[in-house]
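Reader: I'd like to learn how to read a protein model feature by feature. Could you walk me through one?

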Amino acid sequence: MTEYIVALDQTGMRDIERVGGKNASLGEMICHLSSAGVRVPGGFATTAEAFREFLEHEGLAKRIRDRLAQLDTNDVAALVNTGREIRQWVLQTPLQPPFEAAIDEAYATMVNGATHEFSVAVRSSATAEDLPTASFAGQQETFLNVRGLVEVKHRIKDVFASLFNDRAISYRAHHGFDHHQVALSVGIQRMVRSDLGTSGVMFTLDTESGFRDVVFITASYGLGELVVQGAVNPDEFYVYKPGLRLGHPAILRRNLGTKHFRMTYADLSAQGVSVVTSDVSEEEQGRFSATDPQIEELARIALTIEAHYGRPMDIEWARDGIDGHLYVVQARPETVQSRTQQVIERYSLAQRGEVIAEGRSIGQRIGSGIARVVTDLSTMGELAEGEVLVTDMTDPDWEPVMKRAAAIVTNRGGRTCHAAIIARELGVPAVVGCGDATVQIKPGQSVTVSCAEGDTGFIYAGKLEFSRREIELAAMPELPVKIMMNVGNPDRAFAFSNLPHRGVGLARLEFIINRMIGIHPRALLEYESLPAELRASIAPRISAYSSPREFFVTRLTEGIATIGAAFAPHPVIVRLSDFKSNEYANLVGGKLYEPHEENPMLGFRGASRYLSAAFRPCFEMECEAIRRVRETMGISNVEVMVPFVRTPDEAREVVELLARHGLKRGHHGLRLIMMCELPSNALLADAFLEYFDGFSIGSNDLTQLTLGLDRDSGLVAHLFDERNEAVKSLMALAISACRRAGKYIGICGQGPSDHPDLAAWLLAQGIESISLNPDSVVETWIALAGRR
């Protein structure tokens, strides 16, 4: 006797062949994770057996088999015609009476248990779907806010037909799945009223780098379909798993999305329309759509699900605007980064060009080609192999042609949208959420799409030269020195942490301030007294924060915490801001506060700036950010480095100032390191080391100041060489002083990255660590191993 219907709470992962991957996973969570606080809306599923019996009616299965046997899925026109014909056959076939009766009974049971206005989601669940090795995300249809038994049965037929969507046929063909071995179950699940709340997607790893110690969460207003489709640019959050497990505040990063639209229920009087899209107010766009407690609760739910399944997971969630609870509406294995092998692929541009557009980067690759601007789904077939697809947004209907693209660029979407998911799976670089790419990029224009420069992806005019290389991590030899990295861009920290390393020898605060804040700290502290025009330009950037000061401290905290978490438990040496006055002046509002100096390199910078009364409140914010990272978030591998300390008296004063601001040397294991970058630092090394736990040699400034030349001057640039004997003599003094004192000694300047022979000399002198630019880690590592 055929089993037509099964309640979700009677299923589990053992039932994939019975109810498909999606429904089996829902049942698994209802049965095993409800007691752990994971809420999953209930419902029922039609069985794969019911679907197969349905297809046998009047020889439908044979007609479909014969039709697909003739199809070349690379012929888009033939694919469209074949799919349309088969779907029409399915819709014209009636449900078998016993199947219909079972649906009637199961739906009546659901309605009887309803406590308020009742509607359901009707979703597909294929027997080959949501497997650890393949993502069928969005291949079949989903229908939201379905009301009444008649409409439910109508939508079940629509879902059956969607097994033969163009995109689903193409996907199965190109991934080696037999069309006739894939059966469809339909899940009928109680709707969560996220139309009155928020929703989104979360992954239990970083989707771009595969970094396993974070939960990546997206959130936007209303039903989650717009996030999945890529029709909105959602808010993004990264939550640090180790911190969360220890009960620390664990949100590493918050990125405010534009969230222009929300999807909500249609009015009951609307005929044939169940959901509508409307604009989000500017006020709501300017604040985060989920609170910190909600994000951390979501992350805990994600950890529970990941622990149960034993693998990285891709999870859709929704917050009910009526009861306020968070629900999981889907959970499937993550299928791209979790398959990553011990080989790192690295792309880098050999040149730069004019930036035409920018958005969120997907993947870390670079691609180039002729731009094909596609404004309508009906013309997607015009995309030729190796062209760059430029469009407003994609949905699963685009899948048949996306594999042809050298790169993908969209106006809308975030990191969890359809275009992003498919681009990762295909290994194609994509830049999503550009806003106006279809306007800025001209049809037929040669472009280069770079996703190799951090969170922001750039579309450059012209075909630019770039390189690609693979790094075999398992083949890296042991070294007698610690290889660390210079990292100033939090966007790349997770990816860089995949390289072999012993931590970060230089994390520059000024890079974080420039990239994540962009506003002079005094302009934020004195925001209310700024000229109106300047206030207006700053206001949108700080709208999601409780005050301008809090914006600065929070963003700086996030940048430091991201780098600290990426490289934990290894030390991350954070250098306090070392902007020169001309560089500070380039920040928004900076010209109001910075002096004009003839030689900023030798002027108001480093320790002297921190000790000045005018800058003291700004320095206090830097200290507060580091203190939050170390003490509140528990990321205690972060250490502090002070740059440009001219005299031992200045060293004493700045160490006392740090202590007054809660960064006392030795407290909770805090190490204070000093940049050794002035000749006086090496010559009086023993005196400076009384106040610090070690040195990090800054070979750039040390060379410049020893040889008395401006490294930025083309007239004398040829004389700049860190291997000069005078420079090496000073470095040798610093190294020997630290070794006598039993204190840390490393180098973080450009020299060892550019000159492997200098790195070898430093090794012979007894240097403890060499901090390199990420792009030179592997080459220098191998070169040093070869000299042993």
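Author: Sure. Helices and strands here are DSSP runs, numbered from the N terminus. One thing to keep in mind throughout is that this is a predicted model.

Reader: Let's begin with the backbone, then. Where is Pro 569 placed, and what is the peptide bond from Ala 568 to Pro 569 like, cis or trans?

Author: The general idea is that most residues other than glycine have a negative phi, and most peptide bonds are trans. Now the case here: Pro 569 sits in the loop between helix 19 and strand 25 (572–575). The bond leading into Pro 569 from Ala 568 is cis, with omega near 5°.

Reader: And which residues other than glycine have a positive phi?

Author: Lys 259 is one of them, with phi near 50°. Lys 259 belongs to the loop between strand 9 and strand 10 (261–265), and it counts as buried because its relative accessible area is 0%, where the cut-off is under 20%. Phe 644 is another, at about 45°. Phe 644 is in the loop between strand 26 (638–642) and helix 23 (648–660), and at 2% relative accessibility it is buried too.

Reader: On to helices. How do I check the length of helix 27?

Author: Count 1.5 Å a residue. The 17 residues of helix 27 (residues 725–741) should then span 24 Å, and the end C-alpha atoms are 24 Å apart, so the two agree.

Reader: What happens at the two ends of helix 27?

Author: At the start, Asn 724 brings a side-chain oxygen to within 2.8 Å of the backbone nitrogen of Ala 726. After the helix comes Gly 742, with a positive phi near 70°.

Reader: Which residues of helix 27 are buried?

Author: First the general idea: an α-helix has 3.6 residues a turn, so residues three or four places apart point the same way. In helix 27 the buried residues are Val 727, Lys 728, Leu 730, Met 731, Ala 734, Ile 735, Ala 737 and Cys 738.

Reader: How many residues of helix 13 are buried?

Author: Eight of the nine residues of helix 13 (residues 418–426) are, so the rest of the structure largely encloses it. Among the buried ones are His 418, Arg 424 and Glu 425. The cover over them includes helix 7 (166–174), helix 8 (225–229), helix 12 (399–402), strand 15, strand 18 (407–410) and strand 19 (430–432). Just after helix 13, Gly 427 has a positive phi of about 75°.

Reader: You mentioned strand 19. What is Ala 430 in contact with?

Author: Ala 430 lies in that strand and is buried, at 0% relative accessibility. Apart from neighbours within four places in sequence, Ala 430 touches Arg 360, Ser 361, Ile 362, Ile 408, Ala 423 and Cys 451.

Reader: Now polar side chains. What does the side chain of Thr 448 reach?

Author: The backbone nitrogen of Leu 464, at 2.8 Å. Thr 448 is in strand 20 (residues 446–450) and is buried, with a relative accessible area of 0%. Beyond neighbours within four places in sequence, its contacts include Leu 349, Ile 366, Phe 458 and Tyr 460.

Reader: And is Glu 306 buried or exposed?

Author: Buried, because its relative accessibility is 12% and the cut-off is under 20%. Glu 306 is part of helix 11 (residues 292–309). The side chains of Glu 306 and Thr 204 make a polar contact of 2.9 Å. Leaving out neighbours within four places in sequence, Glu 306 also has contacts that include Lys 241 and Arg 311.

Reader: How many disulfides does a search of the whole structure find?

Author: Zero. Take Cys 618: the nearest cysteine sulfur belongs to Cys 623 and is 11 Å away. Cys 618 is buried, at 1% relative accessible area, while Cys 31 is partly exposed, at 40%.

Reader: Last topic, empty space. How many cavities of 30 Å³ or more are there?

Author: Two. The largest cavity holds about 150 Å³, and of its 18 lining residues the closest to the centre are Asp 206, Glu 208, Arg 415, Asp 455 and Asp 491.

Reader: How much space lies in the second largest pocket?

Author: About 1000 Å³. This pocket has 31 lining residues, and Asn 255, Leu 256, Arg 360, Thr 456 and Arg 555 are the closest to its centre. Elements giving two or more residues to the lining include strand 9 (251–255), strand 15 (355–362) and helix 19 (548–567).

Terms used. Residues are numbered from 1 along each chain as its sequence is written. This is a predicted model: local features need pLDDT of at least 70, side-chain atom pairs count only at pLDDT 80 or more; totals for chains, interfaces and linings use all residues. Side-chain values use heavy atoms; hydrogens and water are left out. Helices (H or I, at least four residues) and strands (E, at least two) are DSSP runs, numbered from the N terminus. The expected span of a helix is 1.5 Å times one less than its number of residues. Buried means under 20% relative accessible area, exposed over 50%, partly exposed in between (1.4 Å probe, protein chains only). A polar contact is a pair of N or O atoms within 3.5 Å; within protein, one must be able to donate a hydrogen and the other to accept it, and residues adjacent in sequence count only if both atoms are side-chain atoms. Contact means heavy atoms within 4.5 Å. A disulfide is a pair of cysteine sulfur atoms within 2.5 Å. On a 1 Å grid over the protein atoms alone, a cavity is a set of points where a 1.4 Å probe fits but cannot get out, and a pocket is an open set with protein on both sides within 12 Å along at least five of seven lines; lining residues have an atom within 4 Å of a point. Grid points are joined across faces, edges and corners, and a volume is the space filled by probe spheres set on the points.
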